[in-house]
Amino acid sequence: MIVVGVDGSRTGLEAAGWAAAEAALRRTPLTVAHAVPKWVCEESGWRYAEVGRWMREGAENVLAAAEDRALREHPEVEVTRKLLPGDPRTALIHAAEDAVLLVVGSRGIGGVRGLLVGSVAHGVTTHARTNVVLVHELPRSPHGEIVAGVDGSPSGLRALDFALAEAGMRGIRVRAVQAWAWPQPTGFEPADSESEQDTLRALRALVAGRNPQVEVVTEVIHGHPVEVLKEAAAGADLLVVGSRGHGQLAGMIMGSISQALLHHAPCPLAVVRR
């Protein structure tokens, strides 16, 4: 099952469309979910009952629009609507506990103008225990490839395997990218061609044989990981990163690189945990 959180916004509908395509690829059901305050779901005769009914009707319209978008693009997908009571971040995380993927739009109708990522998208992507896809603007002319950020960490390897599986389903290639040389207090270390070649050989060895059916391009690029991945993913179908890589503090759910890419990814971003 895939769960997509919707709220009636344009990015929410884009997320529903993306999630439907993913459900079709995986041949799995899709749940479109929308959260409302708990009291809205309580049908009682108290003084605000009429307001609650009005909000429930609005919520059902949001769910219906998302279901329509999903079925219009992929009528073969089994779609279920789900109205969730409570805070949307917590509600979506709980609803997706057994899902293979949780999908959300980057900014909803409650987003503050100028913010790149809304509070719900940020909260869900940061704290969910399942794999999450954050849908920004969809690329108009995708390159037919998935970019995976790899750094040799267990989290990075999970991201690579996720990217390979996705590419296998889509029949496209993977570009495995590793940023080389972290910034020092005085700036980036000077490039050393021998060390760079060693890193490239290690990356190729890491990728070799993991999924022989998928074409893989490997790149080692000198620069900060956020800028490197942002540039590499321009026009990609999907950018895939691990939740945290080398250098992250133990106990952190999400590292600084994946956090930064929430705001700067130029295409849909998958944050892989499982």
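**Asking why: salt bridges, surfaces and helices**

Me: What makes the contact between the side chains of Asp198 and Arg201 a salt bridge?

Reply: Their N and O atoms are 2.3 Å apart. A salt bridge is a side-chain nitrogen of Lys or Arg within 4 Å of a carboxyl oxygen of Asp or Glu. The 2.3 Å value fits that limit, so the pair of Asp198 and Arg201 counts. Do keep in mind that this is a predicted model, where local features need pLDDT of at least 70, side-chain atom pairs count only at pLDDT 80 or more, and totals for chains, interfaces and linings use all residues. Residues are numbered from 1 along each chain as its sequence is written, and side-chain values use heavy atoms, with hydrogens and water left out.

Me: Where do Asp198 and Arg201 lie, and how many residues apart are they?

Reply: Both belong to helix H6 (residues 193-207), three residues apart, which means that about one helical turn separates them. Helices here are DSSP runs of H or I with at least four residues, strands are runs of E with at least two, and numbering starts at the N terminus.

Me: Why is Asp198 called partly exposed?

Reply: Its relative accessibility is 38%. Buried means under 20% relative accessible area, exposed means over 50%, and partly exposed is in between (1.4 Å probe, protein chains only). Asp198, at 38%, falls in the middle class. Arg201 is also partly exposed, with 49%. Elsewhere, Glu145, Arg173, Arg175, Glu215 and Glu219 are joined into one network by salt bridges that share partners.

Me: How many salt bridges does this rule give?

Reply: The count comes to 16. One of them joins Arg26 to Glu166, with their closest N and O atoms 2.9 Å apart. This pair links distant parts of the chain, since Arg26 is in helix H1 (residues 10-26) and Glu166 is in helix H5 (residues 154-170), 140 residues apart.

Me: What class of accessibility do the two partners, Arg26 and Glu166, fall into?

Reply: Arg26 has a relative accessible area of 26%, so it is partly exposed. Glu166 has 0%, so it is buried.

Me: How do you know that Arg72 and Asp68 form a salt bridge?

Reply: The N to O distance is 2.6 Å, and the limit of the rule is 4 Å. Both residues sit in helix H2, four residues apart, about one turn of the helix. Arg72 is exposed because its relative accessibility is 56%, whereas Asp68, at 44%, is partly exposed.

Me: What makes Arg27 unusual enough to list its phi angle?

Reply: Phi of Arg27 is near 55°, a positive value in a residue other than glycine. Arg27 lies in the loop between H1 and strand E2 (30-36). With a relative accessible area of 81%, Arg27 counts as exposed.

Me: Why are H1 and H2 called oblique?

Reply: Two packed helices are described by the angle between their axes and the distance between the axes. Axes are lines fitted to C-alpha atoms, for helices over the stretch in contact, and angles run from 0 to 180 degrees between N-to-C directions. The axes of H1 and H2 come within 8 Å and cross at roughly 40°. Under 35 degrees is roughly parallel, over 145 roughly antiparallel, 65 to 115 roughly perpendicular, and the rest oblique. At roughly 40°, H1 and H2 are therefore oblique to each other.

Me: What makes H4 and H8 roughly antiparallel?

Reply: Helix H4 (residues 119-127) and helix H8 (residues 256-264) pack at about 150°, with their axes 11 Å apart. That angle makes H4 roughly antiparallel to H8.

Me: Why is Thr218 called buried?

Reply: Its relative accessible area is 17%, so Thr218 is buried. Thr218 is in strand E10. Ala176 is 42 residues from Thr218 in sequence, and their C-alpha atoms are 4.8 Å apart.

Me: Where is Gln213, and why is it called exposed?

Reply: Gln213 is in the loop between H6 and strand E10 (216-222). Its relative accessible area is 70%, so Gln213 is exposed. The C-alpha atoms of Gln213 and Gly168 are 7.0 Å apart, with their positions 45 residues apart along the chain.
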